[in-house]
Amino acid sequence: MRHTVANISTALGQGAIAIIRISGQEAIEKIDKIFTGNLVKALPNTIQYGFIKDGNKKLDEVMISVFKAPKSFTGEDMLEINCHGGSYITGLIFKLVLNQGIKPAERGEFTKRAFLNGRIDILKAEAINDIINADSAESLKLANNQLFGKTSQMIKEFYERILMLYTKINVSIDYPEYDDDYLVTNEIALPEINKLIEETEAIIQNAHKGILIKNGLKVLILGKPNVGKSSLLNAIIAEDKAIVTDIPGTTRDVVEGMFYLAGLKIRLLDSAGVHQTNDPVEKIGIEKTKKLIADADLILTVFDNSKVLTKEDEEILKLTETKKRIIVLNKKDLNAKPKLKGENIILLSAVKESNLADLENKMKSALDLKINDDLCYLSNVFHISRLEKVLEALEQAKELINKNNSLELVAFSLNSALDVLKEITGENYNLDFLDKMFANFCLGK
C-alpha cells in the first residue's frame with residue numbers, strides 16, 4: 001500500500017482560496033478527524049461544508065471535495081480542502097494535515113499515481129505539465145490534444161499497424177499451411193515496412209516541430225554595430241528592452257525579448273555586433289553571437305540602407321548563407337546604398353516602425369508556420385530518441401528483407417520497434433525515468 005500524501009496545489013500567497021490535495025487509502029479516514037462534518041459517510045463526487053478543527057478549536061471554514069477510488073484523478077481516495085487563501089492559514093491547515101501521519105507529496109506525485117494506477121498514460125501525464133507551462137496559444141493547443149488522447153491514439157494506431165504485420169509474419173512462420181490471404185513473404189512485407197518507415201520519419205519531423213511549438217522559436221538579429229539591431233528588437237516586441245545609442249558596440253551581450261507570431265512564442269535575440277575589435281568584452285559577445293547563429297531557427301541580417309556594404313557586412317552574409325534568413329535593410333528613410341537582391345529582402349525603418357507588418361509576414365513564411373490544426377505531435381527529446389530507435393529497427397527489417405534473410409529475423413526487428421513504442425506510452429517504463437520526469441512537475445500536481 002502506498003502511503004497517503006498531501007500538498008498545497010495552489011500558488012502560495014494571498015488569495016481568495018487555497019487548495020490542499022490529499023490522496024491515499026487513509027485520506028478520508030485521517031482528514032475526517034480534523035473536520036466537523038462526516039467525510040466517511042460522504043458520497044463520492046460531493047462537496048462537504050464544515051470547519052477544519054485543531055482539537056476543539058475551529059481554524060477555518062472550508063469546503064472539501066470528496067472523490068473515492070477508483071473514480072478519482074489518482075485512482076485512490078482523494079480529498080481537496082478549499083480553505084481561505086492566506087499564506088498563514090493555508091500553512092496552518094497543511095501542517096495539521098501532516099500531523100495526522102500523512103506525508104508531504106513530492107513533485108508531480110499525484111499525476112505519477114494517476115499513471116501508476118492506470119488512469120492516464122505517460123503522454124497524458126506529460127500533457128498536464130505542458131498545460132501548466134504553456135505560454136502560447138499553439139503550445140496550449142498541442143498540450144490539450146495530448147491530454148485529450150489524440151496523440152496517444154496516433155501512437156496506438158501506428159503501434160497496431162506494426163503489430164499486425166508482426167502477427168502475420170509469425171502466423172506465416174508457424175502455420176505455413178494457413179489461408180493464403182494471411183500469409184506474408186518478404187515481397188509482401190517490404191512495401192508495408194517502407195510505408196512504416198515513411199510514417200516514422202514524418203512523426204519524427206513533426207516531433208521536432210512540436211518541440212519548437214512548446215519551447216518557442218529562436219530568431220536572431222545579426223549585423224555589425226550601429227545598423228539598428230536594438231531598435232529593431234524594441235520595435236518588434238513594442239518594448240524598450242535593448243539600450244539604443246549612436247555609439248557602436250553598445251550591445252555587448254545577448255538581449256532577449258519575446259513576442260507572439262501566428263500564436264507561437266518567438267524568442268527574439270539581439271546579438272553583439274559582428275566586427276573586428278580589440279575590446280576583450282566585445283570579443284566575448286561576438287563569439288557568443290557566432291554560436292547563436294548555429295542554433296537560430298531564423299536570422300534577421302540587418303544592414304544600414306544608407307551605406308555601402310563593407311567587408312564586415314560581406315562576412316555576415318557568408319556566415320548566414322546556409323541558414324534561414326531575411327535580409328533587413330534598415331533606415332529606409334535615408335538614401336539607399338546597398339546593392340542586394342533577392343526574395344527575402346525587406347526595406348524598413350526600425351525607429352519609425354514602418355514596414356514591420358511586412359517583416360512579420362516574411363517571418364511567418366520563412367519559419368513555415370503552417371501547423372496542422374489537430375497538432376498531434378510528440379513534443380520532447382525523449383520521444384524523438386525513442387522514435388529514432390523505432391526507425392532504426394524498421395530500417396533493419398528492410399535491410400534483412402533486401403538481403404533475403406529469414407522472416408524470423410524480420411519479426412525480431414519488428415518486435416524491437418513495438419517494445420520501444422511502449423516506452424513512449426509508458427507500458428514499458430523504469431522508475432528512474434518516472435522519477436526524473438515527474439521531478440519537473442510542480443508540487444501539488
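Two strands pair if DSSP finds at least two bridges between them. I keep that beside me today, since I am reading a predicted model.

**Entry 1: strand 10 and its neighbours.** I looked up strand 7 (residues 217–222) next to strand 10 (residues 298–304). These two strands pair in the parallel sense, over four bridges. In this pairing, L220 stands opposite I299 in strand 10. Then I checked strand 11 (residues 325–330), which pairs with strand 10 over six bridges, again in the parallel sense. Here I found F303 opposite L329 in strand 11. I followed the chain from strand 10 to strand 11: the path goes through helix 10 (residues 311–319), and this β-α-β crossover is right-handed.

**Entry 2: which way do the residues of strand 10 point?** I saw L298, L300, V302 and D304 pointing one way, with I299, T301 and F303 pointing the other way. Are they buried or exposed? All of them are buried. Strand 10 is mostly covered, with seven of its seven residues buried.

**Entry 3: the open sheet.** Next I looked up an open sheet of six strands. I noted the order 3-4-5-2-1-6 and mixed pairing. Which strands form the edges? They are strand 3 (46–54) and strand 6 (103–104), and each pairs on one side only. Helix 3 (residues 109–116) packs on the sheet, where it touches strand 1 (5–8) and strand 2. I noted about 135° between the direction of helix 3 and that of strand 1.

**Entry 4: an antiparallel pair.** Strand 2 (residues 17–23) and strand 5 (residues 78–84) run antiparallel, and seven bridges join them. I found A18 opposite C83 in strand 5.

Key. Residues numbered from 1 in each chain as written. Predicted model: local features only at pLDDT ≥ 70, side-chain atom pairs only at ≥ 80, totals over all residues. Heavy atoms only, no water. Buried < 20%, exposed > 50% of the residue type's maximum accessible area, 1.4 Å probe, protein only. Right-handed = clockwise from strand over helix to strand, strands pointing away. Contact = heavy atoms within 4.5 Å. Axes fitted to C-alpha atoms, helices over the stretch in contact; angles between N-to-C directions.
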